[in-house]
Each structure stands twice: as C-alpha cells, then as structure tokens.
Amino acid sequence: GIDLYADLTDERVDEGRESFEELKQATHDAQTRARDTAAENERLLAENNKLSNQVLSLKRNISCLYKTAKLEIDRKNAEIKELREELENAQKEARREQTGSSNELN
C-alpha cells in the first residue's frame with residue numbers, strides 16, 4: 001500500500017526537529033545571558049559596596065577636617081583677641097607714660 005500521508009508526516013517531523021533545535025538553542029542562549037547577567041550583578045554589587053565604603057570614609061574624613069579647621073579658627077580667634085588686648089594695654093601704658101612725662105616737664 002501507498003501511504004498518502006507519508007510526506008506530511010516526514011515534513012512535520014522535520015519541522016518538529018527544527019522547532020526543537022531552535023528552542024534548545026534559544027534556551028541555551030537564555031541560560032548564557034542569565035549567567036552573564038548574574039556575574040555582572042555580582043560585580044556591580046561588589047563595586048557598589050566598595051563605593052559605599054569609600055563614601056563613608058570620605059564623610060568621616062571631611063567631618064574630621066571640618067572639626068579640626070573649626071578648632072584652629074577658634075584658637076586663632078582667641079590668639080587675635082589676646083594680641084589685641086595686649087596691644088590695647090601697651091597703647092594705654094604708652095599714653096600714661098606720655099602723660100606722666102609731660103606732667104614731669106611742667
């Protein structure tokens with residue numbers, strides 16, 4: 001007997017094999033992309049952690065620099081105040097001596 005559907009069956013089997021191979025390749029490609037994406041994610045998480053630690057360190061350093069600068073400014077302001085008081089006292093003393101000298105001349 002002649003099988004009228006033999007050609008159709010072979011074609012459908014061939015199409016099924018092609019579809020299976022395409023799906024198999026697509027699955028492989030998707031798995032490769034998933035692995036690559038996971039690796040990139042791990043790399044980015046590590047970089048993010050590193051940068052977060054750097055930011056924290058920089059914040060601490062800036063805070064220390066600010067406090068040190070503020071203390072230094074306060075110290076310099078106190079020194080300026082003290083020097084102004086010394087100058088003022090020296091000027092008063094000089095005026096007193098001047099007035100004392102002029103009183104002695106008279």
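Is Lys92 buried, exposed or partly exposed? Lys92 is partly exposed, with a relative accessible area of 36%. The model is predicted, and this report looks at its fold, its surface and its charged pairs.

**Fold and surface**

The chain has one helix and zero strands. Helix α1 covers residues 6-105. The chain holds 106 residues, and 0% of them are buried. Its exposed area comes to about 10,100 Å². Carbon and sulfur atoms supply 55% of that area.

**Salt bridges**

Side chains of opposite charge can pair when their charged atoms come close. The count of salt bridges here is seven. Three of them, including their N to O distances, are set out below.

| Pair | N to O distance | Relative accessible area |
|---|---|---|
| Arg43 and Glu47 | 3.1 Å | Arg43 42%; Glu47 37% |
| Lys70 and Asp74 | 3.7 Å | Lys70 41%; Asp74 38% |
| Glu88 and Lys92 | 3.5 Å | Glu88 42%; Lys92 36% |

**Arg43 and Glu47**

What joins the side chains of Arg43 and Glu47? A salt bridge does, at 3.1 Å from N to O. Both residues sit in helix α1, four residues apart, so about one helical turn separates them. Arg43 is partly exposed at 42%. Glu47 is partly exposed too, at 37%. This pair belongs to a wider group: a network of salt bridges links Glu40, Arg43 and Glu47.

**Lys70 and Asp74**

How far apart are the closest N and O atoms of Lys70 and Asp74? They are 3.7 Å apart, and the two residues form a salt bridge. The cut-off for a salt bridge is within 4 Å, so this pair counts. Lys70 and Asp74 are four residues apart in helix α1, which puts about one helical turn between them. Lys70 has a relative accessible area of 41% and is partly exposed. Asp74 is partly exposed as well, at 38%.

**Glu88 and Lys92**

Where do Glu88 and Lys92 lie? Both are in helix α1, four residues apart, or about one turn of the helix. Glu88 forms a salt bridge with Lys92, and their closest N and O atoms are 3.5 Å apart. Glu88 counts as partly exposed at 42% relative accessibility. Its partner Lys92, the residue of the opening question, is partly exposed at 36%. Buried means under 20% relative accessible area, so Lys92 at 36% does not count as buried.

Terms used
Residues numbered from 1 in each chain as written. Predicted model: local features only at pLDDT ≥ 70, side-chain atom pairs only at ≥ 80, totals over all residues. Heavy atoms only, no water. Helix = DSSP H or I, 4+ residues; strand = E, 2+ residues; numbered from the N terminus. Buried < 20%, exposed > 50% of the residue type's maximum accessible area, 1.4 Å probe, protein only. Areas by Shrake-Rupley, 256 points an atom, 1.4 Å probe, with all protein chains shown as cover.
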